[in-house]
Amino acid sequence: MKENEFVVVPATEQHTNYAEQICDEMAESAKARGTGIARRTPDYIIQKMLEGKAVIALHEDGTWAGFCYIETWSHGTFVANSGLIVNPQYRNRGLAKLIKKSVFDLSRQKYPDAKIFGLTTGLPVMKINSELGYEPVTYSMLTQDEDFWKGCQSCVNYDILKMKERKNCMCTAMLWDPEEKAKEIEQKMKEAEENKKKANEERLSKVSRKQTLLERIEETLRNSLKMIATMSIAIVNFYIIK
């Protein structure tokens, strides 16, 4: 991907003219994969843009290149980054990763205490999520908001979801938990502090061992000097007596 070939920005009113194209590409992509995603309408996409809950990628020539939006559930305690789509002519160029990172940052900015999750069947998206810090989880760890699960009704795999009693489906659930991440950071800081303390103790121990060795050398030298002095006196006395 050429540097600065794309720009990824929060979507606004000026981008609403791309809504229908985005929806059509979402549907085509789902059809090609044979797995399906919840169908969204242009009006829904426009609403997300107007609410500041979406990011859009544009090519340097102004062509629409990609899109993703934010949904909130369970009174804002859960956030989903949904509807990731890349224009076919710009795929396999690292753009999906840029979009996911941008919408993740936007989610953290707008909902810093929310758990961010996603359902996906795509291995590339799973890889990107993992790089962002998401962890694979069971469906029970996601929002239990009924409105969220109703959104799956338009998916071709909805019957599987019902048959599995909403415990699992074709999608993999992934979660980014700010509380868990805070604990991880705290643990890493604690480990770093312990390692620093250990390193200091080892350094002091080495210094102490060196000091002890020098003291032993000095003591040996003093004893040697005393012995030499004693022997010198003895020799002098011997010759005097003689």
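## Strand pairing around β5 and the setting of N81

β5 and strand β7 (residues 172-176) pair in the antiparallel sense, with 5 bridges between them. In this pairing T120 faces T172 of β7. The model described here is predicted.

β5, which spans residues 115-120, is also joined to strand β4 (residues 78-86), and these two strands run parallel with 3 bridges. A80 has F117 of β5 opposite. Between β4 and β5 the chain passes through helix α3 (residues 95-110), and the resulting β-α-β crossover is right-handed.

Strand β4 also holds N81. Is N81 buried or exposed? Its relative accessible area is 8%, and the cut-off for buried is under 20%, so N81 counts as buried.

The side chain of N81 takes part in the polar contacts listed here.

| Side-chain pair | Polar contact |
|---|---|
| N81 and S107 | 2.7 Å |
| N81 and Y134 | 3.3 Å |

Which residues does N81 touch, leaving aside those up to four places away in sequence? They are C68, Y69, I70, K100, V103, F104, S107, I116, F117 and Y134. S107 and Y134 are thus in contact with N81 and also form polar contacts with its side chain, at 2.7 Å for S107 and 3.3 Å for Y134. F117, another residue touched by N81, is the one that stands opposite A80 in the pairing of β4 with β5.

Notes:
Residues numbered from 1 in each chain as written. Predicted model: local features only at pLDDT ≥ 70, side-chain atom pairs only at ≥ 80, totals over all residues. Heavy atoms only, no water. Pairing = 2+ DSSP bridges. Helix = DSSP H or I, 4+ residues; strand = E, 2+ residues; numbered from the N terminus. Right-handed = clockwise from strand over helix to strand, strands pointing away. Buried < 20%, exposed > 50% of the residue type's maximum accessible area, 1.4 Å probe, protein only. Polar contact = N/O pair within 3.5 Å; in protein donor to acceptor, adjacent residues only side chain to side chain. Contact = heavy atoms within 4.5 Å.
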